[in-house]
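This briefing goes through sheets, helices, nonpolar cores and backbone geometry in turn. Please keep the sequence and the structure in view while reading.

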Amino acid sequence: MLDIAATGAEAREVLGHSAGSVGAATLTHNAKNGVTAGVWVITAGDRTAVLKVLTRSKDATGRWAASDDPRHWNYWLREAQVYDSGLAQSWQPYGIRAPRLLARVERADGDVALWLEHVQGEPGTAWPLTRHIEHARRLGAAQGAVSVPDEPWFSHRFLRQYVGGNTLGEELLDDDAAWQQPLVRDHFPAGLRHDMVRLHHDREWFLDIMEALPRAFSHLDQWPANVRSQGPDSVLFDWAFAGDGALGEDLGNYLPDSVFDLFVPADRLPGYAARAYDAYLHGLRESGNQVDERLVRLGVCASAVKYDWLTALMLARASEKQVDYGGERGVSAELRYRERGLTLAFLAGWAAEARALAPQLGFPEAPSGR
């Protein structure tokens, strides 16, 4: 809930509007997350800003609970520290930047208010594929050039913690009845059950691979809803998970998430992913980074493990109403299950490629074989 009194006083201080009313409009965000008290566009006179309030006192349970551990993937104060450190703008020379921080306010109740530039460019959810591919090139250049600092508040072993906290429906992977639910039976590709059970079986191996690959300063929540264009720049939001990741991990998140939330049709994913990967690799080379390309490819393909939990979740929720991100509108259940099923099948292909490539690079063979 928005603290009207505190917000009004801060708005007048930050935006310089000394008289008149202050307006607020809620922005779509993950309201389940315990680190986020809320996100709003604040208007004072003819000026606007985005207000994001970080908290550790919100009533959230399970995997979305806020953590006081600076290495935990859901550490409550991390986003403020990304801005404080200057790392939020470290990719700007390569065409990706964060919104400008206008003010950081420590509130009396212990919450932290981040007042951010209101970026009004085209959202990534509406980008053409060419703009997504250009974003991939910029990401490669940025991650190839910017070293990985050893910040004590970096998220560490993000994938292991994130995937390990998503357990809903795991028991259904071996449940015949769950796979015979109409949405699943009619819209998941043939063979997907075998592939997803195999991915789950090999999960620890994939996580070990991802933790042994070359490192990059990583955003770890890159998807089209977290990016906008403003002029030539890509403006990237929501740095709450930022930290140590594998080279290629951010791209491996961005591409399937483009389809999972229905921003890009699944039938375009193979071509889109191939072009985006080539662009990412081109960006790496532009930056002067000469890492073995096979290690980059392995980072992208092995990142399929991030979605190990999603199949089980979809089995568990096949009888529920399907809603969009933020839970504001309903979406077609048939469309969602068809598009996600095709994307999971695509990720099974990535996983198979990773199993074949890893032993060539000196890693042990996956438990399920190549």
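Which residues of α2 are buried? In this predicted model, the buried residues of α2 are R78, E79, A80, Q81, V82 and Y83. The points below place that helix in its surroundings and then turn to a second sheet, to the nonpolar cores and to two loop residues with positive phi.

**Helix α2 and its surroundings**

- Helix α2, which spans residues 78–85, is mostly covered, since six of its eight residues count as buried.
- The buried residues of this helix pack against three strands, namely β3 (47–54), β5 (101–106) and β6 (112–116).
- Just after α2 comes G86, whose phi is positive at about 90°.

**The five-stranded sheet**

- Five strands form an open sheet in the order β1-β2-β3-β6-β5, and their pairing is antiparallel.
- Because β1 (22–26) and β5 stand at the edges and have a single partner strand each, one side of each is left without a neighbour in the sheet.
- From one strand to the next, the twist of this sheet averages 25°.
- Strand β1 and strand β2 (residues 36–44) run antiparallel and are joined by five bridges, and within this pair V22 stands opposite A44 in β2.
- Helix α2 packs on this sheet, where it touches β3, β5 and β6, and the direction of the helix makes about 50° with that of β6.

**The three-stranded sheet**

- A further open sheet has three strands in the order β4-β9-β8, with mixed pairing.
- Its edge strands are β4 (96–97) and β8 (227–230), each of which pairs on one side only.
- Strands β8 and β9 run antiparallel and are joined by four bridges, and R228 stands opposite V235 in β9.
- Helix α3, covering residues 129–145, lies across β4, β8 and β9, and runs at about 80° to β9.

**Nonpolar cores**

- The largest nonpolar core comprises 107 residues, and those with the most contacts inside it are W91, W239, Y272 and L298.
- Helix α13 (residues 333–357) contributes the largest share of this core, with 10 residues.
- When neighbours within four places in sequence are left aside, the contacts of W91 include I96, L139, A142, Q143, V146 and F217, and among its further contacts are H219, Q222, L236, W239 and D250.
- Apart from the largest core lies another core, of 12 residues, among them W40, I42, A113 and W115.

**Positive phi in two loops**

- D238, a residue other than glycine, has a positive phi near 60°, and is found in the loop between β9 (233–236) and β10 (243–246).
- Why does D238 count as partly exposed? The relative accessibility of D238 is 22%, and the class of partly exposed residues lies between the cut-offs of 20% and 50%.
- L262, likewise a residue other than glycine, has a positive phi near 70°, and is found in the loop between α9 (249–260) and α10 (269–286).
- With a relative accessible area of 31%, L262 is partly exposed.

Conventions:
Residues numbered from 1 in each chain as written. Predicted model: local features only at pLDDT ≥ 70, side-chain atom pairs only at ≥ 80, totals over all residues. Heavy atoms only, no water. Buried < 20%, exposed > 50% of the residue type's maximum accessible area, 1.4 Å probe, protein only. Contact = heavy atoms within 4.5 Å. Pairing = 2+ DSSP bridges. Axes fitted to C-alpha atoms, helices over the stretch in contact; angles between N-to-C directions. Core = buried A, V, L, I, M, F, W, Y, C linked by side-chain atoms within 4.5 Å.
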